[in-house]
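Student: I'm new to this one, so could we go through it together? I'd like to hear what stands behind each term you use.

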Amino acid sequence: MHLVVSCSLRPTSRSRILAQRAHEWLQTGGHESRFIDLVDHPLPLCDGGESYNAEHVADLDALIRQAKGVLIGTPVYNYDASAATKNLVELTGRAWTNKVVGFLCSAGGRASYMSMMGLANSLMLDFRCLVIPRFVYATKEAFEDGRVSDPDVDDRVKQLADTLASLAAAMPDA
Ligand SMILES: Cc1cc2nc3c(=O)[nH]c(=O)nc-3n(C[C@H](O)[C@H](O)[C@H](O)COP(=O)(O)O)c2cc1C
């Protein structure tokens with residue numbers, strides 16, 4: 001099973017559109033995929049203690065643990081993934097061990113394309129994730145009427161979904 005997590009809390013999020021599209025491409029490719037939106041799973045800020053027991057944390061932890069591959073849809077905020085994304089990783093920590101991970105990012109401009117590297121480094125070094133280097137990075141020009149209108153970006157989303165599935169199939173079990 002693969003998991004696609006949308007980590008924007010904005011009602012008209014564009015990274016959510018990318019994440020939904022990746023979920024569709026995974027299903028089209030015959031892969032089992034679950035789509036989770038953090039809007040539907042409000043999480044407390046990680047405090048390293050009691051927050052681990054909060055509602056939704058155990059469910060998300062279990063889903064991440066079950067998944068072979070995880071795609072993260074996130075806005076670029078302050079040259080980084082959103083705080084909501086990092087908070088999810090902080091709350092679920094070791095559930096990420098040995099996952100194949102890909103990023104679908106929505107950004108305001110083209111210049112922030114290296115923004116996932118902090119999170120990628122942490123996932124690789126803390127949890128031995130295999131991070132797919134060819135991620136999706138899109139600005140608002142790639143969207144129209146609530147869908148991905150740029151065929152190159154859509155193709156890139158498909159490539160990411162296909163790469164996730166093939167790399168995850170080759171990964172040994174944790
Ligand atoms: C707090 C905040 C910080 C942002 N920082 C950046 C940034 O560093 N680089 C960038 O290209 N865009 C930045 N943006 C623009 C967002 O990445 C852009 O609006 C994106 O579409 C948001 O993702 P979403 O549509 O999935 O919510 C920022 C927006 C906000 C609200």
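**Strands and their partners**

Tutor: Let's start with one pair: Val 4 stands opposite Leu 71 in S3. This is a predicted model, where local features need pLDDT of at least 70 and side-chain atom pairs count only at pLDDT 80 or more, while totals for chains, interfaces and linings use all residues. Residues are numbered from 1 along each chain as its sequence is written.

Student: What makes S1 and S3 a pair?

Tutor: Two strands pair if DSSP finds at least two bridges between them. Strand S1 (residues 2-6) and S3 have five bridges, in the parallel sense. The names come from DSSP runs numbered from the N terminus: helices are H or I with at least four residues, strands are E with at least two.

Student: Which other strands does S3 pair with, S5 or S4?

Tutor: Both. S3 and S5 are parallel over seven bridges; Gly 69 is opposite Val 100 in S5, and Thr 74 is opposite Cys 105. With strand S4 (residues 80-81), S3 pairs in the antiparallel sense over two bridges, and there Val 76 has Ala 81 as its bridge partner. Two residues lie between the strands of that hairpin, and Asn 78 takes a positive phi near 50°.

Student: How do you know that S5 also pairs with S6?

Tutor: Two bridges join S5 to strand S6 (residues 130-131), and they run parallel. Val 101 has Val 131 in S6 as its bridge partner.

Student: Why is S5 called largely enclosed?

Tutor: A residue is buried if 20 or more other C-beta atoms lie within 10 Å of its own, exposed if 12 or fewer, and partly exposed in between, with C-beta atoms placed from the backbone. Seven of the seven residues of S5 (residues 100-106) are buried, so S5 is largely enclosed by the rest of the structure. Val 100, Gly 102, Leu 104 and Ser 106 point one way, Val 101, Phe 103 and Cys 105 the other. S3 is mostly covered too, with eight of its nine residues buried.

Student: What about H1: how do you know that its span is close to the expected one?

Tutor: The expected span is 1.5 Å times one less than the number of residues. H1 has 15 residues and reaches 21 Å from its first C-alpha to its last, against an expected 21 Å. In H1, 12 of the 15 residues are buried, so H1 is largely enclosed as well; among them are Arg 14, Ile 17 and Trp 25. Just after H1, Gly 30 takes a positive phi of about 85°.

Student: What makes a residue part of the shell around the ligand?

Tutor: Its C-beta atom, placed from the backbone, has to lie within 6 Å of the ligand. There are 16 such residues, and the closest are Ser 8, Ser 13, Ser 15, Pro 75 and Gly 108. Helix H1 (14-28) and strand S3 (69-77) each supply at least two residues of the shell.

Student: How do you know that the protein chain agrees with a compact globule?

Tutor: The radius of gyration is taken over C-alpha atoms, and the globule rule is 2.2 Å times the number of residues to the power 0.38. For 174 residues that gives a value near 16 Å; the protein chain has 15 Å, which agrees. The protein chain has five helices and nine strands, and 41% of its residues count as buried.
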